[in-house]
Amino acid sequence: MLDIIGLSEIDVEVYDAFAGTGSMTVAEIRERTGLPEQRLLRILRGLAEKGLLVELPGPARAYSAVRPEIALEAMLRQKEQELASARLVADRLRERYRATSGERPVDLIEVVHGDAHIADRADQLLRSAEREVAFVDKPPYARTPSVLHPAERDLLARGVRFRGVYERGALEMHDLSSDLEPGLALGEEARVVTSAPLKMIVVDQRVGLVPLRSDLPEVGAALVIHPCALLDALSSVFAFLWQSGLPLRLPGSAELADAAPSDDARLLALLTTGLPDRSIAKQLGMSYRTFQRRLRDLMTALGATTRFQAGLQVATRGWVTLPVTRPTGEEDVSEREDSPSTRP
């Protein structure tokens with residue numbers, strides 16, 4: 001852990017040998033650590049240069065340890081100052097790049113080739129998020145999809161908002177209990193639409209990632225889009241899809257309140273997405289006939305004779321929640337207050 005301030009494991013071991021002692025000669029230190037003399041002398045000189053040890057005057061070479069709350073705190077403060085200086089340089093370069101990017105449109109769009117490079121770039125963009133990650137998920141897929149990105153857990157824990165729009169066909173491809181529900185339990189917000197025009201990721205409304213072709217399973221190439229009109233268009237497409245989508249709240253969703261009984265919660269959630277009955281039965285791990293029987297039992301318990309009546313009943317009871325619709329062009333102030341545009 002202390003390698004970040006320039007201390008190796010052997011440095012820490014030698015320094016730790018001084019615990020409980022006032023000072024030690026080189027011979028005593030060697031006896032404690034078992035290190036060869038020449039190697040030990042190099043380590044002692046290094047620790048003295050870093051301010052962790054003080055070489056004592058006298059014929060017998062001896063060293064005294066500086067207390068860690070003094071020595072290590074000084075090293076940590078120096079590293080903090082170095083990081084602060086590096087951040088100033090990075091900020092200055094970013095501002096200079098941003099100031100000149102308008103003169104070089106080619107810099108506004110990067111082309112990334114190869115699945116491995118695209119995955120690395122996506123991971124980099126996600127981990128840079130400070131406020132929000134917005135994404136659209138849809139088939140086709142080159143391999144069985146897995147929704148919970150390794151970075152999502154860490155980002156949600158840091159308070160970064162995740163909003164995902166899933167095309168209805170994507171739900172038929174995912175294993176909801178292992179793919180979607182873990183993210184929803186951590187705080188991801190999800191909505192479902194009948195059809196989405198493309199896959200995308202938009203981070204903090206300052207950078208986007210889209211595949212070059214959304215109709216092919218293999219990604220092959222992707223575009224990284226920096227602040228420009230195209231990124232504004234992607235953000236608008238996502239906002240439209242989000243407003244028109246139906247909330248997906250599976251069991252375990254962090255925002256699911258007044259939930260239906262656990263046996264019926266997943267069934268109700270899938271019914272609201274518009275998935276075909278046979279696809280819902282498959283997701284629930286039951287036969288089609290068992291699904292039909294479960295649905296009839298649920299409708300009877302709700303006192304409904306049609307699915308429309310059942311939908312009204314579960315909405316009235318708060319078991320499902322519909323999004324608030326707004327006139328076209330009206331801005332969603334509540335959503336944008338927490339995610340202001342970073343455009344200069």
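At what angle do the axes of helix H5 (residues 115-127) and helix H6 (residues 150-157) cross? In this predicted model, the two axes come within 10 Å and cross at roughly 5 degrees. Angles under 35 degrees count as roughly parallel, and H5 and H6 are therefore roughly parallel to each other. On the H5 side, the contact is made by Asp123, Leu126 and Arg127. On the H6 side, Pro150, Ala151, Asp154 and Leu155 take part. By type, the residues of this contact divide into four nonpolar and three charged, with no polar ones.

**The sheet**

Strands of a sheet pair through backbone hydrogen bonds, either parallel or antiparallel. Here, eight strands form an open sheet with mixed pairing, in the order E4-E10-E9-E8-E5-E6-E7-E11. The edges are taken by strand E4 (109-113) and strand E11 (246-247). Each of these has a single partner strand, so one side of each is left without a neighbour in the sheet.

At one edge, E4 runs antiparallel to strand E10 (residues 221-225), and five bridges join the two. Within this pair, histidine 113 has alanine 221 of E10 as its bridge partner.

Towards the other edge, E6 and E7 run parallel and are joined by five bridges. Glycine 164 has its bridge partner in E7, namely alanine 190. E7 is also joined to E11, by two bridges, and these two strands run antiparallel. In that pairing, valine 192 is matched with leucine 246 of E11.

How many of the five residues of E7 are buried? Five of the five are, so E7 is largely enclosed by the rest of the structure. Glu189, Arg191 and Val193 point one way from the strand, whereas Ala190 and Val192 point the other way. The residues on both sides are buried.

**Salt bridges**

Side chains of opposite charge can pair when their charged atoms come close. The structure holds 10 salt bridges. Three of them, including two that involve residues of strand E6, are listed here with the distance between the closest N and O atoms.

| Acidic residue | Basic residue | Closest N and O atoms |
|---|---|---|
| Glutamate 132 | Arginine 163 | 2.7 Å |
| Glutamate 189 | Arginine 161 | 2.8 Å |
| Aspartate 204 | Arginine 206 | 3.6 Å |

Glutamate 132 forms its salt bridge with arginine 163. This pair links distant parts of the chain, with glutamate 132 in strand E5 (residues 132-137) and arginine 163 in strand E6 (residues 161-167), 31 residues apart. Both glutamate 132 and arginine 163 are buried.

Glutamate 189 is bridged to arginine 161. This pair, too, links distant parts of the chain: glutamate 189 lies in strand E7 (residues 189-193) and arginine 161 in E6, 28 residues apart. Glutamate 189 and arginine 161 are both buried.

Is aspartate 204, which forms a salt bridge with arginine 206, buried or exposed? Buried means under 20% relative accessible area, and aspartate 204 counts as buried because its relative accessibility is 4%. Its partner arginine 206 has 25% relative accessibility and therefore counts as partly exposed. Elsewhere, salt bridges that share partners join Glu132, Arg161, Arg163 and Glu189 into one network.

Technical notes. Residues numbered from 1 in each chain as written. Predicted model: local features only at pLDDT ≥ 70, side-chain atom pairs only at ≥ 80, totals over all residues. Heavy atoms only, no water. Salt bridge = Lys/Arg side-chain N within 4 Å of Asp/Glu carboxyl O. Helix = DSSP H or I, 4+ residues; strand = E, 2+ residues; numbered from the N terminus. Buried < 20%, exposed > 50% of the residue type's maximum accessible area, 1.4 Å probe, protein only. Axes fitted to C-alpha atoms, helices over the stretch in contact; angles between N-to-C directions. Parallel < 35°, antiparallel > 145°, perpendicular 65-115°, else oblique. Contact = heavy atoms within 4.5 Å. Nonpolar A, V, L, I, M, F, W, Y, C, P; charged D, E, K, R; others polar. Pairing = 2+ DSSP bridges.
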